[in-house]
Every structure is written in structure tokens, then in C-alpha cells.
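Subject: Structure handover and notes

Dear colleague,

Please find below the structure that I promised to pass on to you. My notes follow it, with each term explained where it first comes up.

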Amino acid sequence: SLLKPFVSVTSSAVEMGSDEVQTYRTIRSLLPVLISMSYLHLGSHAISEAFHNAGQNNEEGKGSEQHQSAEDYLSSSLRYWPENPATLSMLANYYRMNLLRSPASVCDMYAKASNCARIVRDIAISVLKLNDDEVEKNLKEWVELLLLDGAVGVEYIGEDDESDEDGEEEDDEDDDGEKD
């Protein structure tokens, strides 16, 4: 039951309104996301291998097996986290490039990926803005790496990060001044 796929994280988060942050309150709640992201990377690798093999040999059987496994990996990713925006986008690309779905269907997948990315980003930022004493140790790091960096593809710069960057810039300016 620990690895049971999410029912529908983003749809339930929208229905819950202000309680959406509850979805990702523990590292354990992020395990299906981790599994989903693992399948996404396996699917990405299978797609790369299929392109590589198609360029090297014109064997029909080997290439189609690779393409099928890529779709299987991406489908497995969505089974664990149905609203994984990165997987939805990659699967839409896969369908478009291999002409496996209609243009309208592919556009719908891109639109869903975009909407899911926005919702996941908003939820993740809400978690990152919580006080440290309100969340499990290392949860914010998991949320930032899995949800923002991995699934949504954005970098979060919090208040602590901004002050660190300002300090680094001042150090760089001092170093430049000393060299003259």
C-alpha cells in the first residue's frame, strides 16, 4: 500500500483549496512521485536508445521494441502520479514525433501538462514557504528537487537563497577589487 499509485493529486488538491499543502506534508507522501520520476527517466532513456539504434541499424524489430518499452515506461510513470507534468509533456512529444495520436489529442496533452505544472508548482511553493518546524526534516529539499526541479522544471529561489547569492556577489566584487 505504500507504493500504491496516487489517485489524482492535483485534482484532489484543487478540490481541497487551502489544504492542498497537506498532500505533500511528509517524505513518505512523495514516494509515488519518486517512482513516477524514475519511470520518466527510464522512458527518456528508452527513447534515446531507440533513436540511437534507428540511426545505426535499420532492423525494424529492434526499434519497435524500444519504442514500445518507452511508452510502457511513460505509462507506468503516469500510473504512479497521473498528473506528472514532465511525463505528460514527454508522452505528448513521443506521440507527436511518432504520429501515434491526432494533433488535437497531442495539444490536449500539452495543455494538461501545462495546467498540472502550474498546480504542482503552486503546491510546492506553498510547502516551501512553511516554517521549518511545521514540516518533516528534509521535506523541503525533496519537494524542491522532485516537484520543482524534476517535474515542473523550475528553480526555486527562496529568501535564504537570495541572501546567499547577494553575499557571493559581494565576495566576487571584493576579489576583483583586490586583484587590481
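Helices (H or I, at least four residues) and strands (E, at least two) are DSSP runs, numbered from the N terminus. With that in mind, N138 can be placed in the loop between helix 5 and helix 6. Before going on, please note that this is a predicted model, in which local features need pLDDT of at least 70 and side-chain atom pairs count only at pLDDT 80 or more, while totals for chains, interfaces and linings use all residues. Residues are numbered from 1 along each chain as its sequence is written, and side-chain values use heavy atoms, with hydrogens and water left out.

The overall picture

The secondary structure of the protein chain comes to 7 helices and 0 strands, and read from the N terminus the elements run α-α-α-α-α-α-α. Of the 180 residues of the protein chain, 37% count as buried, where buried means under 20% relative accessible area, exposed means over 50%, and partly exposed lies in between (1.4 Å probe, protein chains only). Taking a contact to mean heavy atoms within 4.5 Å, 68% of the contacts between residues at least 6 apart in sequence join residues at least 24 apart.

The aromatic rings

How many aromatic pairs does the structure hold? There are 3 aromatic pairs, and the rule behind this is that rings of Phe, Tyr and Trp (its six-membered ring) pair if their centres lie within 6.5 Å, with planes under 30 degrees apart counted as stacked, over 60 as edge-to-face and the rest as tilted. Y39 and Y73 form a tilted pair, at 6.4 Å centre to centre and with 35° between the planes. This pair links distant parts of the chain, since Y39 is in helix 2 (residues 31-56) and Y73 is in helix 3 (residues 60-80), 34 residues apart. Y39 is partly exposed, with a relative accessible area of 24%, and Y73 is also partly exposed, with a value of 30%. The rings of Y94 and Y95 form a pair that counts as tilted because their centres are 6.2 Å apart and their planes are at 55°. Y94 is buried at a relative accessible area of 5%, and Y95 counts as buried at 6%. Ring pairs also link Y39, Y73 and Y80 into a cluster.

Y95 has a further partner, as the charged end of R101 sits over the ring of Y95, 4.0 Å from its centre; a charge sits over a ring if NZ of Lys or CZ of Arg is within 6 Å of the ring centre and within 35 degrees of the ring normal.

Helix 4 and the loop after it

The expected span of a helix is 1.5 Å times one less than its number of residues. For the 13 residues of helix 4 this gives 18 Å, which agrees with the 18 Å between its end C-alpha atoms. The buried residues of helix 4 include P85, L88, L91, Y94 and Y95. At its start, a side-chain oxygen of N84 reaches to within 3.1 Å of the backbone nitrogen of A86. Helix 4 is followed by L99, which has a positive phi of about 50° although it is not a glycine. L99 lies in the loop between helix 4 and helix 5 and is exposed, with a relative accessible area of 75%.

Helix 6 and its surroundings

Just ahead I placed N138 in a loop; its phi is near 70°, a positive value in a residue other than glycine, and N138 is partly exposed, with a relative accessible area of 43%. Where a straight helix of 14 residues would span 20 Å, helix 6 (residues 139-152) spans only 17 Å between its end C-alpha atoms. Which residues of helix 6 are buried? They are L139, K140, V143, L146, L147, L148, A151 and V152. Seen down the axis of helix 6, these buried residues fall within an arc of 155°, so they line one face of the helix; the arc is that of the directions from the helix axis to the C-beta atoms. As background, an α-helix has 3.6 residues a turn, so residues three or four places apart point the same way. What covers the buried residues of helix 6 includes helix 2, helix 4 (85-97) and helix 5 (103-128). Just after helix 6, G153 takes a positive phi of about 80°.

With best wishes

How values were computed
Polar contact = N/O pair within 3.5 Å; in protein donor to acceptor, adjacent residues only side chain to side chain.
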